[in-house]
Amino acid sequence: MIAHVRGTVAGVAPDGAVIEVGGVGIRVQCTPGTLATLRPGERAQVATSLVVREDSLTLYGFCSDDERNVFELLQTASGVGPRLALAMLAVHAPDVLRRAVSTEDLGALTMVPGIGRKGAQRIVLELKDRLGPPGEGADGLPGARASRQAPLWRDQVQSGLVNLGWPVRDADQAIAALEEDGTIGAANGDAVDVAMVLRAALRKLSKQ
């Protein structure tokens, strides 16, 4: 198993990134939150999970070991493949998923595209004793998650939204709305978690 990849970010696309390791460009599929922390030309490290199929080898990248572990656990539920597991982590952070499963919050789970009420009930039934309670996650790998005090958080969030196909104007409006309603911790950028803000912005844009 390839546990992590460390190297220079060669490029970032809406659904993944290419990280150059020893002269070889390795493509990893990532959540929007992880992509928002990767900038071309800079070094980064992402936790990875290799999914092997008869006709393909796909490497998925995450900003922490915990996110990678949750990704793999989600796939032990019936009907949850790697793409749906990735979508779940794009909408919710690992601890939010743990809380949703442990409290049987079907509404939170059905926020994920592709999960209906019956699917959410099945996920709760099969994963309730596997994901564990909120707060058990490990810290992120160095260089993968943006610093909570990163002054470039706004540019990273905007870039992540634009990479997903949203116009710059809509991205800026979503960020401004999050500042106004208090979702973002501080107006000057202190204590801002880029991945969390990106997820919140996606939820806000999806309601428009």
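In the predicted model, Glu67 and Arg199 are both buried, and their side chains meet in a salt bridge with an N to O distance of 3.0 Å. Because Glu67 belongs to helix α2 and Arg199 to helix α9 (residues 194-206), this pair ties together parts of the chain that are 132 residues apart in sequence. The contact is one of seven salt bridges that the structure holds.

A further salt bridge in α2 is formed by Asp65 and Arg68, whose closest N and O atoms are 3.2 Å apart. Asp65 and Arg68 are three residues apart in helix α2 (residues 65-74), which means that about one helical turn separates them. The surroundings of the two partners were also assessed: Asp65 is partly exposed, with a relative accessible area of 26%, whereas Arg68, at 9% relative accessibility, counts as buried.

Helix α4 (residues 94-102) contains a pair with a similar description, Asp95 and Arg98, which are three residues apart and thus separated by about one helical turn. The side chains of Asp95 and Arg98 meet in a salt bridge at 2.7 Å, N to O. Asp95 is partly exposed, its relative accessible area being 27%, while Arg98 is buried at a relative accessibility of 5%. Through salt bridges with shared partners, Asp95 and Arg98 are joined with Asp66 into one network.

Arg98 is also one of the buried residues of α4, which are Pro94, Leu97, Arg98, Ala100 and Val101. Viewed down the axis of α4, these buried residues fall within an arc of 165 degrees, and they therefore line one face of the helix. The elements that cover the buried residues of α4 include α2, α3 (82-91), α5 (106-109) and α6 (117-127). Just after α4, Glu104 adopts a positive phi of about 55 degrees.

The strands were considered next. A closed barrel of five strands is present, running in the order β1-β2-β3-β5-β4 and with mixed pairing. Averaged over the sheet and with direction ignored, neighbouring strands are turned by 55 degrees against each other. Strands of a sheet pair through backbone hydrogen bonds, in either the parallel or the antiparallel sense. Strand β1 (residues 4-13) runs antiparallel to strand β4 (residues 43-53), and five bridges join the two; among the residues involved, Val5 has Val46 in β4 as its bridge partner. Strand β1 also pairs with strand β2 (residues 16-21) in the antiparallel sense, again over five bridges, and a hairpin of two residues connects β1 to β2. Within this pairing, the bridge partner of Val9 in β2 is Ile19, and that of Gly11 in β2 is Val18.

Two helices were examined in relation to the sheet. Helix α2 lies across β4 and β5, running at about 15 degrees to β4. Helix α3 packs on the sheet as well, where it touches β3 (24-30), β4 and β5, and its direction makes about 10 degrees with that of β5.

Aromatic side chains provide a further link between β5 and α2. A pair of aromatic rings is described by the distance of the centres and the angle of the planes. Two aromatic pairs were counted in the model. In one of them, the rings of Tyr60 and Phe71 have centres 5.1 Å apart and planes at 40 degrees, so that this pair is classed as tilted. Tyr60 lies in strand β5 (residues 56-62) and Phe71 in helix α2, so the pair links distant parts of the chain, 11 residues apart. Both partners are shielded by the criterion applied, Tyr60 being buried with a relative accessible area of 5% and Phe71 counting as buried at 0% relative accessibility. The rings of Phe62 and Phe71 form the other pair, with centres 4.8 Å apart and planes at 45 degrees, and this pair is therefore also tilted. Phe62 counts as buried, with a relative accessibility of 0%. Taken together, the ring pairs link Tyr60, Phe62 and Phe71 into a cluster.

Terms used
Residues numbered from 1 in each chain as written. Predicted model: local features only at pLDDT ≥ 70, side-chain atom pairs only at ≥ 80, totals over all residues. Heavy atoms only, no water. Salt bridge = Lys/Arg side-chain N within 4 Å of Asp/Glu carboxyl O. Helix = DSSP H or I, 4+ residues; strand = E, 2+ residues; numbered from the N terminus. Buried < 20%, exposed > 50% of the residue type's maximum accessible area, 1.4 Å probe, protein only. Pairing = 2+ DSSP bridges. Phe/Tyr/Trp six-rings, centres within 6.5 Å; stacked < 30°, edge-to-face > 60°. Arc of directions from axis to C-beta. Contact = heavy atoms within 4.5 Å. Axes fitted to C-alpha atoms, helices over the stretch in contact; angles between N-to-C directions.
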